[in-house]
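I opened a new notebook page for this chain. My plan was to look at the whole fold before any single part.

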Amino acid sequence: MEQCLRADVLRDAKQPPRSLVALHAEHGNFVWATLQRFGIQHPDLEDAFQDVFVVVQQRLPSFDWACPITTWLFAICRRVAASHRRRAHTRRERLGEVVDDVPDPARGPEEITSSREARLQLEGILAAMDLDRRAVFVMFEIEEMPCDEIARLVGVPIGTVYSRLHAARKEFATLLKKSEVERARRGAR
């Protein structure tokens, strides 16, 4: 809180957008990407996105514009993602798989199947990770964002980003090892 009150932070603070529509236009892509980083699947993504902006609409009048809006939006996305993950219907309801792209006809069926299995394994591992660590892991390892940018977006010191990244890598390695053991066990049957 004290950091938000410092004069240099206040000088660099963005002015509030004229409307919720302007805020949505300016930061919608950030919210969408953040929800994906937190593991919201495609069938639930639009609902979660809307939930974020419902909260934004309700709380925008009380937002302190001395702090970065992306930090505030990130926190809202985290709470909305956690809420969506706790809901029983999102764990049970699987209507079908979203096809992200058309398979390359030059690739053989074994390669396509292997690629699909690897993607599903990655999604399963990421879904099992702690939300804060998962977000930092995805931003750094998959989206290749620098740690200083992650720290700015998340609103934490850069040391916290390094700490979460280190813990996320350890958690990922542990979950990967468990996943490989499980796959080997299923393959032996």
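The entries below go from the whole chain to its core, then to one helix and the cysteines.

**Entry 1: the whole chain.** I noted to begin with that this is a predicted model. I looked up the secondary structure and found ten helices and zero strands. Read from the N terminus, the order of elements is therefore α-α-α-α-α-α-α-α-α-α. I then checked burial: the chain has 189 residues, and 33% of them count as buried. About 12200 Å² of the chain is exposed, with 54% of that area coming from carbon and sulfur atoms. For contacts at a separation of 6 or more, I found that 66% join residues 24 or more positions apart.

**Entry 2: the core.** Nonpolar side chains tend to be buried together in soluble globular proteins, and I looked for such a group here. The largest nonpolar core has 44 residues. Those that touch the most other members are Val31, Leu35, Val52, Val56, Trp72 and Met139. I listed the helices that each supply at least two residues of this core: helix 3 (20-37), helix 4 (42-59), helix 5 (69-86), helix 7 (109-128), helix 8, helix 9 (147-154) and helix 10 (158-188). Helix 5 gives the most, with nine residues.

**Entry 3: helix 8.** I picked helix 8, residues 131-142, for a closer look. Its twelve residues reach 15 Å from the first C-alpha to the last, close to the 16 Å expected. At its start, I found a side-chain oxygen of Asp130 within 3.2 Å of the backbone nitrogen of Asp132. Just after the helix, Glu144 has a positive phi of about 55°.

Which residues of helix 8 are buried? I wrote down Leu131, Asp132, Arg134, Ala135, Val136, Phe137, Val138 and Met139.

What does Met139 touch, leaving out residues up to four places away in sequence? I found Arg37, Phe74, Glu144, Met145, Ile150, Leu153 and Val154. Glu144, with its positive phi, is thus one of the residues that Met139 touches.

**Entry 4: the cysteines.** A disulfide is a covalent bond between the sulfur atoms of two cysteines. I looked for disulfides and the count came to zero. I then looked up two cysteines, Cys77 and Cys147. Are they buried or exposed? Cys77 counts as buried because its relative accessibility is 0%, under the 20% cut-off. Cys147 also counts as buried, because its relative accessibility of 8% is under 20%.

Technical notes: Residues are numbered from 1 along each chain as its sequence is written. This is a predicted model: local features need pLDDT of at least 70, side-chain atom pairs count only at pLDDT 80 or more; totals for chains, interfaces and linings use all residues. Side-chain values use heavy atoms; hydrogens and water are left out. Helices (H or I, at least four residues) and strands (E, at least two) are DSSP runs, numbered from the N terminus. The expected span of a helix is 1.5 Å times one less than its number of residues. Buried means under 20% relative accessible area, exposed over 50%, partly exposed in between (1.4 Å probe, protein chains only). A polar contact is a pair of N or O atoms within 3.5 Å; within protein, one must be able to donate a hydrogen and the other to accept it, and residues adjacent in sequence count only if both atoms are side-chain atoms. Contact means heavy atoms within 4.5 Å. Accessible areas come from the Shrake-Rupley method with a 1.4 Å probe; for residues, only the protein chains shown count as cover. A nonpolar core is a set of buried Ala, Val, Leu, Ile, Met, Phe, Trp, Tyr and Cys residues joined through side-chain atoms within 4.5 Å. A disulfide is a pair of cysteine sulfur atoms within 2.5 Å.
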